[in-house]
Structure formats: structure tokens, C-alpha cells
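Reader: I have this model open on my screen and would like to go through it with you, piece by piece. Could we begin with the ligand and then move outwards?

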Amino acid sequence: MRYYPVVEPSIGALEKKYVDDCLRTGWVGSWGKYIGKFEDAFARLVGVRHAATTSNGTVSLHLILLALGIGAGDEVIVPDFTYVASANAVRYVGATPVFVDCDLDSFNIDPEKIEEKITTRTKAVMVTHIFGNPCRMDRIMPIARRYGIPVIEDAAQAHGTLFQGRAAGSFGRAASFSFFGSKTMTTGEGGMVVTNAEPLSEKIRLLKNQGQSPRRRYYHDVLGYNYRMTNIQAAIGLAQLERLHSILAAKWRIHGWYQKYLAPLADKGLICFQKETPDGKATWWVNAIVLRNASVERLAKKLARSGIDTRPFFVPMHEIPHLKRHGDFPNSRTLSAGGIILPSGVLLNEKDVMRISEKVANILRRMTA
Ligand SMILES: Cc1ncc(COP(=O)(O)O)c(C=O)c1O
């Protein structure tokens with residue numbers, strides 16, 4: 001039986017060539033030419049002045065919050081519908097995440113609900129471009145500007161995503177990307193911080209490298225961390241970046257096929273698609289649907305019997321034990337209860353997507369009959 005994973009990396013000859021170069025030359029640690037090359041190329045992709053590699057997307061967020069001086073007693077606005085790392089990073093610096101409900105169409109933070117959560121303690125607004133669909137940055141940025149607070153973009157899932165022609169990650173004071181094995185482009189584990197602000201970029205470089213003074217070795221200006229990426233990871237990252245256009249083309253094709261083959265279910269009101277943000281160009285890291293009146297768990301179990309892997313949606317942040325908050329988050333609850341992620345790996349062809357869609361349709365029709 002053919003197995004369809006939810007996501008799978010596309011690793012080609014270029015990745016092998018660059019990694020082999022690291023192995024041959026012995027540059028396997030966190031020094032070497034691929035680090036700088038990957039950072040420069042990624043900064044060009046996002047259209048920002050500075051990019052710093054890190055060991056993953058979670059520590060990238062931690063570094064941004066540290067570099068912004070956010071700490072105990074401060075509050076940071078965070079979407080209620082996001083991956084736990086967004087909110088955890090706020091907790092790492094001793095600040096409090098304040099959750100905002102999401103929009104049911106785009107799945108992203110609802111800009112209309114941000115302002116009511118801003119207090120005198122709010123020190124940043126964090127937004128996540130969910131599944132590679134861009135947030136309404138035209139609405140978010142003016143709110144943050146009015147209150148003089150920085151925007152942090154969690155772009156972990158949004159490599160190459162555009163809003164009004166500009167790359168996700170280029171709008172806020174800083175943005176974080178993840179290159180985890182399942183992401184649109186990967187380095188196995190890995191991350192990147194991007195920003196246009198030079199002092200912020202320098203602070204991040206200091207913090208990620210044990211706080212070691214750039215002027216004196218083994219002298220540490222501040223309490224720092226080892227949040228560095230290795231040259232091998234950067235070599236894979238550079239190759240992935242050079243092939244990103246073909247990876248994204250596959251993502252767009254797969255999304256189009258799901259739209260085509262699941263359209264009858266959507267027309268009957270049995271499912272809803274994640275809707276592309278107006279003025280946005282989503283990269284569809286994964287293809288996500290929301291079921292109406294059917295159990296995600298039951299559908300997932302039945303699909304698994306046919307070798308079709310799925311994922312449920314995130315549990316809303318306010319329901320996570322260490323983040324628990326009271327409040328009204330009807331939309332993130334709806335998404336979490338009804339959402340399911342279908343196989344979205346770049347190796348899928350049209351026949352695969354047709355077969356998966358047919359299975360979904362047959363099971364849902366039986367479940368809702
Ligand atoms: C929205 C979001 N933020 C942060 C992260 C954390 O990235 P990493 O797994 O590289 O630490 C992820 C990873 O899945 C994510 O999806």
C-alpha cells in the first residue's frame with residue numbers, strides 16, 4: 001500500500017553536492033562559507049537587510065524577544081490559533097502572551113480584535129502567517145504604529161509567501177523562519193531571524209553566539225546562548241533556497257488539485273477551505289480543510305487505513321495547560337475542532353491528490369449520510 005505522508009522534504013542533487021563539500025573540507029561546525037551565503041541569499045528572498053541563521057524557529061522567536069528587551073511584567077499579543085512555540089517564546093523571557101482570536105477564512109489573527117487587547121504593558125504584537133497564508137499586514141501595521149509597538153512576524157510556515165507583492169517577514173521589526181524537516185524548505189532543524197534594523201541584528205548575533213564580544217574572544221558581553229546553525233545545515237538551506245521556485249511551484253499545483261477535486265464537497269457545504277488572504281499570495285505549506293458536522297478523528301482513522309496520513313489542527317493556545325487563559329475565542333475553537341491537514345508533500349502528483357480527495361469524499365459522504 002502506498003503511504004502518503006502529510007509533508008515530506010524535497011532533497012535533490014544540489015543539497016548532496018553542498019553537504020559533500022562541507023564533509024570533504026571538514027567545515028561541519030557553525031563556521032564556514034555556507035552560513036554567510038545562506039544568510040545573504042535568504043535576506044534577498046525576503047527583501048530585508050539582515051538575516052541571521054539560528055538552530056530553529058523557536059529560538060529565533062526567543063532571540064527577537066530578548067533583543068527587543070521584552071521581559072517580566074510585559075505583555076505580547078499572540079494569535080490564539082498558532083503553534084505553541086509562538087506563545088512559549090514569550091514565556092521564556094518571562095512576559096505574558098495575550099491571545100487574540102483568529103479569522104475563520106484566512107485562519108490568521110483577526111486584525112479587528114487586536115486593539116482591544118492592547119494595554120500599557122503591551123510591548124509587541126506577534127502574528128503568524130498560518131500554513132503559508134499571509135496576515136493582513138495592511139491592517140496590522142497601522143495599529144502597531146499607532147501604539148508605538150513593534151510587530152514580530154512568526155513566518156515559520158511562510159517561506160516565499162507574499163502580501164501586496166512583499167515577502168512575509170519583511171513587514172515587522174523582525175521575523176522568524178523555521179527550517180524544520182516538514183517545512184516548505186528545510187535544513188533538518190534550523191531557523192532564521194530577519195530584520196532591517198542593524199542594531200537588532202547585531203544584538204541577535206551576539207545573543208546567539210554565547211554573548212561573545214565581537215572584539216575579544218572568550219569575553220562575553222552579555223548572558224548569551226548557543227543558538228547557532230551548522231555549516232552543513234546552511235549548505236542544505238542554500239540548496240533548498242536555490243530550488244525554492246520549483247518547490248513552491250509544486251505546492252501551488254497540489255493546492256490547485258485539491259481545490260479542483262474537493263470542490264464538490266465544498267459546494268455541498270461539507271468542508272471549507274482555508275481562503276487565501278485578499279492581496280496575498282499564499283504558499284500552501286499544507287492543505288487544510290475544516291469539516292462541517294463530521295469528526296476529524298474518525299476521518300483521520302479511516303484515511304490512515306488507506307495509508308493517508310493527516311494532522312489535526314493546533315489546539316488553541318488558551319487551552320494549553322501552561323498557557324491557560326479565560327476568554328472568548330470562538331473561531332480558533334471552531335478551527336481546532338473541525339480542522340484537518342491533508343497530505344501536502346511536494347512529491348504528490350495529480351493522480352495521488354485525486355485518489356486522496358476521492359477517499360475523503362467517500363468517507364465524508366458516508367459519515368454525513
Ligand atoms: C508557527 C510556528 N512557529 C514556530 C515554530 C517553531 O519552529 P521550530 O520547530 O523550527 O523550532 C513552528 C514550527 O513548527 C511553527 O509552525
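Author: Gladly, and please keep in mind that this is a predicted model. To begin with one polar contact, a polar side-chain atom of Q157 lies 2.8 Å from an oxygen atom of the ligand.

Reader: And what about S178, how far is its side chain from a ligand oxygen?

Author: An N or O atom in the side chain of S178 is 2.7 Å from an oxygen atom of the ligand. N56 also takes part, with a polar side-chain atom placed 3.3 Å from a ligand oxygen.

Reader: How much of the ligand's accessible area does the protein cover?

Author: On its own the ligand has 390 Å² of accessible area, and the protein covers 92% of that.

Reader: Which elements give two or more residues to the shell around the ligand?

Author: Those are α3, which spans 57–67, and α4, which spans 84–92. The shell has 13 residues, and the ones that come nearest to the ligand are G57, T58, D154, S178 and K183. Sorted by class, the shell holds 8 polar, 3 nonpolar and 2 charged residues.

Reader: Let me stay with α4 for a moment; how many of its residues are buried?

Author: Of the 9 residues in α4, 7 are buried, so this helix is largely enclosed by the rest of the structure. The buried ones are V84, A85, S86, A87, N88, A89 and V90.

Reader: What covers them?

Author: The cover over the buried residues of α4 includes α3 together with the strands β2 (75–79), β3, β4 and β5 (151–154). Just after α4 there is also a backbone detail to look at, since G94 takes a positive phi of about 85° there.

Reader: Changing topic, where does D101 lie, and is it buried or exposed?

Author: D101 lies in the loop between β3 (96–100) and β4 (122–128). With a relative accessible area of 3%, D101 is buried, because that value falls under the 20% limit for a buried residue.

Reader: Which backbone nitrogen does the D101 side chain reach?

Author: The side chain of D101 reaches the backbone nitrogen of N331, at 2.9 Å. Leaving aside residues up to four places away in sequence, D101 touches several others, including D80, K113, D328, F329 and P330.

Reader: Now the strands, please; how many residues of β1 are buried?

Author: In β1, which covers residues 50–54, 5 of the 5 residues are buried. Both faces are covered, with H50, A52 and T54 on one side and A51 and T53 on the other.

Reader: Which strand is β1 joined to?

Author: β1 is joined by 5 bridges to β9 (residues 191–195), and the two strands run antiparallel. Within that pairing, A51 stands opposite V194.

Reader: And what about β12, how much of that strand is buried?

Author: 5 of the 5 residues of β12 (residues 287–291) are buried, so the strand is largely enclosed by the rest of the structure. N287, I289 and L291 are buried on one side, and A288 and V290 are buried on the other.

Reader: Which strands pair with β12?

Author: β10 (residues 271–273) pairs with β12 in the antiparallel sense over 3 bridges, and in that pairing C272 has V290 as its bridge partner. β14 (residues 339–342) also pairs with β12 in the antiparallel sense, over 4 bridges, and there I289 has I340 as its bridge partner.

Technical notes: Residues numbered from 1 in each chain as written. Predicted model: local features only at pLDDT ≥ 70, side-chain atom pairs only at ≥ 80, totals over all residues. Heavy atoms only, no water. Near = heavy atom within 4 Å. Polar contact = N/O pair within 3.5 Å; in protein donor to acceptor, adjacent residues only side chain to side chain. Areas by Shrake-Rupley, 256 points an atom, 1.4 Å probe, with all protein chains shown as cover. Nonpolar A, V, L, I, M, F, W, Y, C, P; charged D, E, K, R; others polar. Buried < 20%, exposed > 50% of the residue type's maximum accessible area, 1.4 Å probe, protein only. Contact = heavy atoms within 4.5 Å. Pairing = 2+ DSSP bridges.
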